[in-house]
Amino acid sequence: MKHFEQLQFSDLKSSDIVIICDRDGTIIEEKEYLSNPDDIVFLPGALEGLKLMNHLGHKVVIVSNQSGVGRGYFSFERMNEVNGRILKLLEAEGVEISGVYCCVHHPDDNCDCRKPKAGLVLMAAEEIGFDPENTIVIGDKTSDIDLAQTLNSFPILLRTGYGKDTEKLLNGFKGKIVKDLLEASEYISKSICARREVKLTGKR
Ligand SMILES: [Mg+2]
Ligand SMILES: [Zn+2]
């Protein structure tokens with residue numbers, strides 16, 4: 001896992017840095033195997049944060065473990081309905097999402113796509129066209145943090161969802177911990193702008 005300063009972000013356009021964003025507990029309230037589109041509730045700061053990321057020029061890709069399908073709690077179609085509703089609501093707010101990638105396997109399936117494994121991000125990188133290393137992974141669980149480590153990218157842990165519990169489990173964490181998606185987007189904005197400044201003026 002890189003420290004933010006180690007990332008060569010100053011050489012990249014913001015459009016080259018893709019945000020890999022978790023869904024449950026990060027964008028919407030964590031409801032334990034949510035399967036009813038009517039139960040979607042956006043977390044405070046989520047819409048504003050995603051909007052700012054878009055505004056800064058970042059693509060946002062949602063990557064989510066939905067083992068409720070593999071466990072037989074709800075169908076693949078039902079999961080698609082929920083994702084469809086989220087996208088529709090986000091679109092109505094002017095938020096652009098470049099893709100939604102979900103692992104639907106049971107944890108025992110030992111698939112290649114359940115976070116913290118990188119399968120979904122590699123697929124997204126191939127389809128959308130970005131370097132998996134030039135990403136920022138945002139989420140509320142250790143699987144999100146570990147995904148960033150696997151990708152050699154940068155993690156941001158939110159204190160939403162399971163985030164506060166996750167924070168207690170972390171040891172020597174080199175990523176960033178923030179309150180919510182809005183604070184995450186402000187951090188990204190400040191850090192990348194600051195690095196641009198350093199490059200322009202040659203100062204450190
Ligand atoms: Mg989550
Ligand atoms: Zn999977």
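**Exercise 1. The sheet**

In what order do the six strands form the open sheet, and what is the sense of the pairing?

Solution. The model is a predicted one. Begin with the inventory: the protein chain has seven helices and six strands. Read from the N terminus, its elements follow the pattern β-α-β-α-α-β-α-β-α-β-α-β-α. Next, place the strands side by side. Their order in the open sheet is 3-2-1-4-5-6, and the pairing is parallel. Strand 3 (99–103) and strand 6 (176–178) are the edge strands, since each pairs on one side only. From one strand to the next, the twist averages 20°.

**Exercise 2. The partners of strand 4**

Find the strands that pair with strand 4, and give bridge partners for I136.

Solution. Step one: take the side of strand 1 (residues 18–21). Strand 1 and strand 4 run parallel and are joined by four bridges. Among the bridge partners, I19 goes with I136, and C21 goes with I138. Step two: take the side of strand 5. Here too the pairing is parallel, over four bridges. In strand 5, F154 is the bridge partner of I136. Step three: list the contacts of I136. Not counting residues up to four places away in sequence, I136 touches I17, I19, I20, S153, F154, I156 and I188.

**Exercise 3. Burial of strand 4**

How many of the five residues of strand 4 are buried?

Solution. Apply the cut-off: a residue is buried if 20 or more other C-beta atoms lie within 10 Å of its own. Five of the five residues of strand 4 are buried, so the strand is largely enclosed by the rest of the structure. Now sort these residues by face. T135, V137 and G139 lie on one side, while I136 and I138 lie on the other, and both faces are covered. For the chain as a whole, 39% of the 204 residues count as buried. The largest nonpolar core has 48 residues, and those with the most contacts inside it are I20, I136, I138 and L181. Helix 7 (residues 181–201) gives the largest share of this core, five residues.

**Exercise 4. One side of a helix**

Which residues of helix 5 (residues 142–151) are buried, and where around the axis do they lie?

Solution. The buried residues are D144, I145, L147, A148 and L151. They cover an arc of only 155° around the axis, which puts them on the same side of helix 5. The spacing can be understood from helix geometry: an α-helix has 3.6 residues a turn, so residues three or four places apart point the same way.

Then ask what this side meets. The buried residues of helix 5 pack against helix 4 (119–129), strand 4 (135–139) and strand 5 (154–158). Helix 5 lies across strand 2 (60–65), strand 4 and strand 5, and runs at about 165° to strand 4. Together, strand 4, helix 5 and strand 5 make a right-handed β-α-β unit. Just after helix 5, N152 takes a positive phi of about 60°.

**Exercise 5. Two residues and their surroundings**

Decide whether N65 and L56 are buried, partly exposed or exposed, and name their contacts.

Solution, N65. This residue is in strand 2. N65 has 24 other C-beta atoms within 10 Å. The cut-off for a buried residue is 20 or more, so N65 is buried. Its contacts, not counting residues up to four places away in sequence, are C103, R114, K115 and S143. Along the chain, N65 and C102 are 37 residues apart, yet their C-alpha atoms are separated by 5.6 Å.

Solution, L56. This residue lies in helix 1 (residues 46–56). L56 has 16 C-beta neighbours inside 10 Å and therefore counts as partly exposed. Leaving aside neighbours within four places in sequence, L56 is in contact with S14, I188 and S189. L56 and S14 are 42 residues apart in sequence, and 6.6 Å apart in space from C-alpha to C-alpha.

**Exercise 6. Contacts over the chain**

What share of the contacts with a separation of 6 or more comes from residues 24 or more positions apart?

Solution. Take the contacts in the protein chain with a separation of 6 or more; residues 24 or more positions apart account for 65% of them.

Conventions:
Residues are numbered from 1 along each chain as its sequence is written. Chains are lettered from A and ligands numbered from 1 in the order in which they are written. This is a predicted model: local features need pLDDT of at least 70, side-chain atom pairs count only at pLDDT 80 or more; totals for chains, interfaces and linings use all residues. A residue is buried if 20 or more other C-beta atoms lie within 10 Å of its own, exposed if 12 or fewer, and partly exposed in between; C-beta atoms are placed from the backbone. Helices (H or I, at least four residues) and strands (E, at least two) are DSSP runs, numbered from the N terminus. The arc is that of the directions from the helix axis to the C-beta atoms. Two residues are in contact if their C-beta atoms, placed from the backbone, lie within 7 Å. Two strands pair if DSSP finds at least two bridges between them. A crossover is right-handed if, with the strands pointing away from the viewer, the path from the first strand over the helix to the second runs clockwise. Axes are lines fitted to C-alpha atoms, for helices over the stretch in contact, and angles run from 0 to 180 degrees between N-to-C directions. A nonpolar core is a set of buried Ala, Val, Leu, Ile, Met, Phe, Trp, Tyr and Cys residues joined through C-beta atoms within 7 Å.
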